[in-house]
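Please work through the exercises below with the sequence and the model at hand. Each task is followed by a solution in steps.

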Amino acid sequence: MLNTLLRRRKVTIHCEKCQQPLRLSDGEFICDRCSAHYPAQPVCPDCHQPLTVLKACGAVDYFCQHGHGLISRRRVQFQPSTP
Ligand SMILES: [Zn+2]
Ligand SMILES: [Zn+2]
């Protein structure tokens, strides 16, 4: 079931250490095999630029500063943030 979910995403991220597909959980990628955590960067599905995260009253909104405005949580894409 997890594999089906991962396949539906456009990008599958793999663990740098053991090459397992990573699971996205709460803003970070987690490797189920070696428990490595990788920070995830929310990006705009339209322009693939990093999104500004707005937190208010326990809700999280994602805002694109490149003309796409508020991005609904369902459309936000995540990529590993590169240091
Ligand atoms: Zn791993
Ligand atoms: Zn955008």
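The exercises treat two sheets, a hairpin and a nonpolar core.

The model is a predicted one, in which local features need pLDDT of at least 70, side-chain atom pairs count only at pLDDT 80 or more, and totals for chains, interfaces and linings use all residues. Residues are numbered from 1 along each chain as its sequence is written, while chains are lettered from A and ligands numbered from 1 in the order in which they are written.

**Exercise 1.** Determine the strand order of the four-stranded open sheet, and state which strands stand at its edges.

*Solution.* Strands are DSSP runs (E, at least two residues), numbered from the N terminus. Two strands pair if DSSP finds at least two bridges between them.

Step 1. The order is β1-β2-β3-β7, with antiparallel pairing.

Step 2. β1 (23-25) and β7 (77-80) each have a single partner strand, so one side of each lacks a neighbour in the sheet.

Step 3. From one strand to the next, the twist averages 40°; axes are lines fitted to C-alpha atoms, and angles run from 0 to 180 degrees between N-to-C directions.

Step 4. Three bridges join β1 to β2 (residues 28-30) in the antiparallel sense, and Arg23 has Ile30 in β2 as its bridge partner.

**Exercise 2.** Describe the open sheet of three strands and locate the bridge partners of Phe63.

*Solution.*

Step 1. This sheet has the order β4-β5-β6 and antiparallel pairing. Its edge strands, β4 and β6 (69-71), each pair on one side only.

Step 2. β4 and β5 (residues 59-64) run antiparallel and are joined by five bridges, whereas β5 and β6 pair over three bridges.

Step 3. Phe63 in β5 stands opposite Thr52 and also opposite Leu70 in β6.

Step 4. The hairpin of β4 and β5 has two residues between the strands, and Cys57 takes a positive phi near 50° there.

**Exercise 3.** How many residues of β4 are buried, and which residues form the largest nonpolar core?

*Solution.* A residue is buried if 20 or more other C-beta atoms, placed from the backbone, lie within 10 Å of its own.

Step 1. The count of buried residues in β4 (residues 52-56) is zero among its five residues.

Step 2. A nonpolar core is a set of buried Ala, Val, Leu, Ile, Met, Phe, Trp, Tyr and Cys residues joined through C-beta atoms within 7 Å. The largest comprises Cys44, Leu51, Tyr62, Cys64 and Ile71.

Step 3. Leaving aside neighbours within four places in sequence, Cys64 is in contact (C-beta atoms within 7 Å) with Cys44, Cys47, Gln49, Leu51, Gly69 and Ile71.

Definitions and conventions. A residue is buried if 20 or more other C-beta atoms lie within 10 Å of its own, exposed if 12 or fewer, and partly exposed in between; C-beta atoms are placed from the backbone. Two residues are in contact if their C-beta atoms, placed from the backbone, lie within 7 Å.
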